[in-house]
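Okay, thanks for making the time. Let me put the structure up and then we'll walk through it together.

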Amino acid sequence: MSEDQRPAWLPELDLRAVTRNSDRAFTRISVLHNTYRHVWIRAGLLSRIELNPGKRQWLGAYYDHGIADESEDSAYAFQIDVVGLHIHMIHYGVTELHGWIAAESDDSVRFKVPRTVPDLETFEWCRRCKGEKSHRVTTYCPPVDLKLYERLRGAKLVVEFGPVIPEDER
Ligand SMILES: [Zn+2]
């Protein structure tokens with residue numbers, strides 16, 4: 001039923017193969033559109049969730065180990081700025097947050113989510129770090145996607161995360 005209602009412009013982004021600890025931790029981010037909930041992003045471990053009210057609220061997940069930016073900081077597979085992020089409930093070890101994609105005019109510059117899963121093999125190797133320290137390089141975050149932002153700004157998000165439990169079909 002709900003898949004019939006899925007907007008064609010909403011990517012289905014499965015980043016589990018390129019984010020950390022996907023065998024043990026899952027993240028699922030869904031968008032509410034015309035009262036239906038559609039999965040937008042799947043990933044492994046969320047690296048950071050800032051939900052302090054009154055401050056910049058955002059969440060993001062790093063790429064796998066070995067993917068860094070030019071200053072050797074771990075690079076994010078995505079970052080999303082949100083507002084009103086709060087814990088909706090915790091059920092069977094799954095924490096469910098609700099919030100809305102930040103929609104102020106200057107929030108567009110912080111909407112950093114790719115539409116497709118990047119091929120990490122295409123990222124250049126760092127020229128400075130050799131041997132055991134060798135790693136690939138990309139930007140700290142993916143580039144801003146203004147077109148997708150225009151569709152999603154202000155949309156309600158459901159963020160679920162928890163442990164991967166074997167034989168679980170979630
Ligand atoms: Zn390096």
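**Two loops, two sheets and a core**

Let's start in a loop: Asn 34 sits between E2 and E3. Those labels are DSSP runs, numbered from the N terminus, with helices being H or I of at least four residues and strands being E of at least two. Before going on, a caveat: this is a predicted model, where local features need pLDDT of at least 70, side-chain atom pairs count only at pLDDT 80 or more, and totals for chains, interfaces and linings use all residues. Residue numbers run from 1 along each chain as its sequence is written.

On confidence, pLDDT is the predictor's own score for each residue, from 0 to 100. The chain averages 93, and 96% of its residues reach 70 or more. Among the elements, E1 has the highest mean at 98 and H1 the lowest at 95.

Back to Asn 34. Its phi is near 50 degrees, a positive value in a residue other than glycine. In general, most residues other than glycine have a negative phi. Is Asn 34 buried or exposed? Exposed, because it has just 8 other C-beta atoms within 10 Å. The cut-offs here are 20 or more other C-beta atoms within 10 Å for buried, 12 or fewer for exposed, and partly exposed in between, with C-beta atoms placed from the backbone.

Glu 72 is another one to look at, in the loop between E6 and E7. Its phi is near 70 degrees, also positive in a non-glycine residue. With 12 C-beta neighbours inside 10 Å, Glu 72 counts as exposed.

Now the sheets. I'm calling two strands paired if DSSP finds at least two bridges between them. Eight strands make an open, mixed sheet, in the order E1-E3-E2-E11-E8-E7-E5-E4. E1 (13-14) and E4 (48-50) are the edges, each with a single partner strand, so one side of each has no neighbour in the sheet.

Look at E11, residues 156-163: it runs antiparallel to E2, residues 25-33, with seven bridges joining them. Along that pairing, Ala 25 is opposite Pro 163, and Phe 26 has Gly 162 as its bridge partner. E11 also pairs with E8, antiparallel again, over six bridges. There, Leu 97 stands opposite Val 159.

There's a second open sheet, three strands in the order E6-E10-E9, also mixed. E6 and E9 (124-125) are at the edges with a single partner strand each, so each has one side without a neighbour in the sheet. E6 and E10 (residues 136-137) run parallel, joined by two bridges, and Ala 68 is partnered with Val 137.

So what about the core? By nonpolar core I mean buried Ala, Val, Leu, Ile, Met, Phe, Trp, Tyr and Cys residues joined through C-beta atoms within 7 Å. The largest one has 32 residues, and Ala 61, Ala 77, Phe 78, Ile 80 and Val 82 have the most contacts inside it. Which strand gives the most to this core? That's E7, with six residues.

Take Ile 80: leaving out residues up to four places away in sequence, it touches Trp 58, Leu 59, Gly 60, Ile 101, Phe 111 and Val 113. Contact there means C-beta atoms, placed from the backbone, within 7 Å.

Methods
Contact = placed C-beta atoms within 7 Å.
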